Amino acid sequence: MNVPFFDLKKQYQRLEAEISPALEKFLPQQAFILGPTVESFEKGMATYCHSPFSLGVSSGTDALLMALEALEIGPGDEVIVPAFTFYCTASVVVRRGATPVFVDVDLNDYNILPAAIEAAITSRTKAIIPVHLFGQIVQIDAIQKIAIKHSLPIIEDCAQGIGAEYKGKRAGSFGRFGAFSFFPTKNLGAFGDGGALTFSATADYDHCKILRMHGSRIRYQHEEIGGCFRLDALQALILEVKLRHLETWQEERRSNAAFYNRALQGIGDLILPVENPNCRHVYHQYVLRTARREGLKSHLTALGIGSEVYYPIPVPHQKSMDYLGHRPGDFPNSEQLSQEVLALPIFPELDRSQLEETVKGIRSFFAA
Ligand SMILES: Cc1ncc(COP(=O)(O)O)c(C=O)c1O
């Protein structure tokens, strides 16, 4: 049996009866840029994220970039980011002319280490970007304490964390900004690129509305640089339909994870993902660890079972970051994780037999 790593066609089949009539109504209007469709989605998104405001933007990357621009972060400034994340959490800092200051992550939950954040703060530090990696909230109490103590804004990278909770509060409601991605395979995915920002302050929301439109409040008058950071109305339409189902999908992901957690206990040297106290993990990815990662991955591939490595190279060791002069050993946990992590299929539409097949494949590897 083939078990794909993800299968977007299955999700589309579940939604076709809702999406097709919505598109039929929308397309004759030929109104593609911002407007009521985007505003309606933004309201739903803010409510879902327990945040007072949300803005639809062009991608998760642009959401992070806009937050940095809104904070006027630029040359001479430092921004603290985890070493183990998707590349763009850090590359946006470089694109603003500032310096990413990498800190290591926890081997237990793969998220940024609060103590390492505090140790990395200097007089040039202007913001902290914690990432809710794989769908679990960072140690936010400790990070908020550090941020308050040093008067630093938090930009939450929520690209993988939509709907993740800590003490009942959702990703994007803790920091000054929350940056979301609607890349098609995300827990809430568009039919192309898309993203959103959430805000705790009205002033930031108003400011980013201007930045999203080339720094313009009044047509052809440009107060700031900004960019073309808009979410397409077509994407907003799709996202609004999908948002109505997101909670069901989150629970399906959690149920798939619970199945793996039961079935994979005590096999070989596997270390299974943890759910921290008071957290609702939304399992954007189900990521386990093994020292035999390469062998296990090849074995699963030969059986037709998908798996992925997120991420094989810590960001400070990417070629584009060479200029920062980091050496092997600088981020031991991130380096270890990059050798050991493996993500299993976890998408909501997986059926029981596919979950069982994946477990069987893993068992047969460690039994051999
Ligand atoms: C942690 C993290 N941050 C940011 C992004 C960027 O999102 P996008 O691909 O929508 O630009 C991603 C997307 O993969 C991500 O995983």
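Which residues are the closest to the ligand? Before I answer, please note that the structure shown is a predicted model. The ligand is surrounded by 15 residues, and the closest are Ser-59, Gly-60, Thr-61, Ala-159 and Ser-181. Two elements, helix 3 (60-70) and helix 4 (88-95), give two or more residues to this shell. By character, the residues of the shell comprise 8 polar, 5 nonpolar and 2 charged.

I turn now to the open sheet. Its 4 strands follow the order 1-9-8-5, with mixed pairing. At the edges stand strand 1 (53-57) and strand 5 (155-157); each has a single partner strand, so one side of each lacks a neighbour in the sheet. On average, and with direction ignored, neighbouring strands here are turned by 20° against each other. Strand 5 runs parallel to strand 8 (residues 177-181), and 3 bridges join them. Within that pair, Glu-156 has Gly-178 of strand 8 as its bridge partner. Helix 2 (residues 36-48) packs on the sheet, where it touches strand 1 and strand 9 (195-199). The direction of helix 2 makes about 130° with that of strand 1.

Next, I come to strand 2 (residues 78-82). Of its 5 residues, 4 are buried, so strand 2 is largely enclosed by the rest of the structure. Strand 2 pairs with strand 3 (residues 99-103) over 5 bridges in the parallel sense, and Glu-78 has Thr-99 of strand 3 as its bridge partner. Between these two strands the chain passes through helix 4, making a right-handed β-α-β crossover. Strand 2 is also joined by 3 bridges to strand 4 (residues 125-128), again running parallel; there, Val-79 is matched with its bridge partner Ala-127.

Note on methods: Residues numbered from 1 in each chain as written. Predicted model: local features only at pLDDT ≥ 70, side-chain atom pairs only at ≥ 80, totals over all residues. Near = placed C-beta within 6 Å. Nonpolar A, V, L, I, M, F, W, Y, C, P; charged D, E, K, R; others polar. Pairing = 2+ DSSP bridges. Axes fitted to C-alpha atoms, helices over the stretch in contact; angles between N-to-C directions. Contact = placed C-beta atoms within 7 Å. Buried ≥ 20, exposed ≤ 12 C-beta atoms within 10 Å, placed from the backbone. Right-handed = clockwise from strand over helix to strand, strands pointing away.
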